Amino acid sequence: MLSATHMIGGAAAAAAVLIFNPDIQAVPTLITAVGVGVVGGLIPDIDHPKSRISKALRPVNALVSFLFSHRGVFHTPALYFLLYALWVWKCPASKYTAWGNCLFAGILSHILLDCLNPGGIPLFFPLSSRRIHFAKIKTGGRCESVIRVLLGGAAGILVVLMFLQGTGINPGIIISRFSA
Ligand SMILES: [Zn+2]
C-alpha cells in the first residue's frame, strides 16, 4: 500500500481510539494524537528504502534495511504486541497511555492494510514466516484509491465526532436522531 493510504489509515485508527478516550478533549491535543496515529501508520515501512518514513529517517532505514528484509520482522504483529505490552507495563503515567494506544493503532492499521495486498505479511511470525494476505489489492491501484477514500471518510467522521464530544455534545444522541 502507498504511504498516503497508511497515513490516512493511521489517522482513522487513532481517531477510533480517541473516541473511547474522553480524557483527551483539547483540540490541539486531539490533532496531535491523530498525528501520532499517522506516524504509527508509517512505522512498519521503515524497512522499505523508498517509503516516506525511510526517506525522513535515512540513517535508521539504512541500518534496518541492512539487518532486515522488507515485510519481514517490522511487519509482524508479534513484534508490536510485545512492544505494546512493554509500553503498557513501563508507561510512565496513565495519562500517557492514550498516546501509545494511538501509535499502536496506527501501526496495527498498517499491518491490516498490508494484509490486503498480494505481498502479504508474516502474520504468524515467529511460528511461521509464511506471508499471509486476505485480498489481492494492488499497490497504487484503483481499489487502493477506493480504500483510501473510505478510510479518509471514516477518519473525517470520527474527527468530527471527537470535536462534538469535546464541546460537550453527545454524538450518540445525534446518531440516534438520524437513525430514528
Ligand atoms: Zn508495509
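## Exercises on a predicted helical model

Pro-126 is placed in the loop between α6 and α7. Keep in mind as you work that this is a predicted model.

**Exercise 1. Find which peptide bond at Pro-126 is cis, and give its omega.**

Step 1: Go to the loop between α6 and α7, where Pro-126 sits.
Step 2: Look at the bond that joins Phe-125 to Pro-126; this peptide bond is cis.
Step 3: Read its omega, which is about 10 degrees.

**Exercise 2. Work out whether Arg-71 is buried, partly exposed or exposed, and describe its phi.**

Step 1: Locate Arg-71 in the loop between α4 (58–67) and α5.
Step 2: Count its C-beta neighbours inside 10 Å, which come to 19.
Step 3: A buried residue needs 20 or more and an exposed one has 12 or fewer, so Arg-71 counts as partly exposed.
Step 4: Turn to the backbone: phi of Arg-71 is near 60 degrees, a positive value in a residue that is not glycine.

**Exercise 3. Do the count for Tyr-84, then give its C-alpha separation from Gly-100.**

Step 1: Find Tyr-84 in helix α5.
Step 2: Tyr-84 has 18 C-beta neighbours inside 10 Å, so it counts as partly exposed.
Step 3: Tyr-84 and Gly-100 are 16 residues apart along the chain, and their C-alpha atoms are separated by 7.6 Å.

**Exercise 4. Check the span of α6 against the expected value, and see what covers its buried residues.**

Step 1: Take the 18 residues of α6 at 1.5 Å a residue; the expected span is 26 Å.
Step 2: Compare the end C-alpha atoms, which are 26 Å apart, so the two values agree.
Step 3: List the buried residues of α6, among them Asn-101, Cys-102, Phe-104, His-110 and Asp-114.
Step 4: Look at what lies over them: the cover includes α1, α2 and α5 (77–90).

**Exercise 5. Describe how α1 packs against α6 and against α2.**

Step 1: Begin with α1 itself: 13 of its 17 residues are buried, leaving the helix mostly covered.
Step 2: For α1 and α6, the packing angle is about 135 degrees and the axes are 8 Å apart. That angle makes α1 oblique to α6, and their crossing is right-handed.
Step 3: Find the residues that meet: on the α1 side they include Thr-5, Gly-9 and Val-17, and on the α6 side Asn-101, Gly-106 and Leu-113.
Step 4: For α1 and α2, the angle is about 135 degrees and the axes are 7 Å apart. These helices are therefore oblique to each other, and α1 passes α2 in a right-handed crossing.
Step 5: Contributors to this contact include Ser-3, Met-7 and Ala-11 of α1, along with Leu-30, Val-34 and Leu-42 of α2.

**Exercise 6. Say which helices supply the largest nonpolar core, and place Cys-102 in it.**

Step 1: Recall a general tendency: in soluble globular proteins, nonpolar side chains tend to be buried together.
Step 2: The largest nonpolar core here has 31 residues, and Cys-102 is one of those with the most contacts inside it, as are Ala-11 and Leu-18.
Step 3: At least two core residues come from each of α1 (3–19), α2 (27–42), α6 (97–114) and α7 (142–166). The largest share, 9 residues, is from α1.
Step 4: Trace what Cys-102 touches beyond four places in sequence: Ala-14, Val-17, Leu-18, Ala-33, Val-36, Gly-37 and Gly-40.

Key: Residues numbered from 1 in each chain as written. Predicted model: local features only at pLDDT ≥ 70, side-chain atom pairs only at ≥ 80, totals over all residues. Core = buried A, V, L, I, M, F, W, Y, C linked by C-beta atoms within 7 Å. Helix = DSSP H or I, 4+ residues; strand = E, 2+ residues; numbered from the N terminus. Contact = placed C-beta atoms within 7 Å. Expected span 1.5 Å × (residues − 1). Axes fitted to C-alpha atoms, helices over the stretch in contact; angles between N-to-C directions. Parallel < 35°, antiparallel > 145°, perpendicular 65-115°, else oblique. Left-handed = near helix turned anticlockwise from the far one by under 90°.
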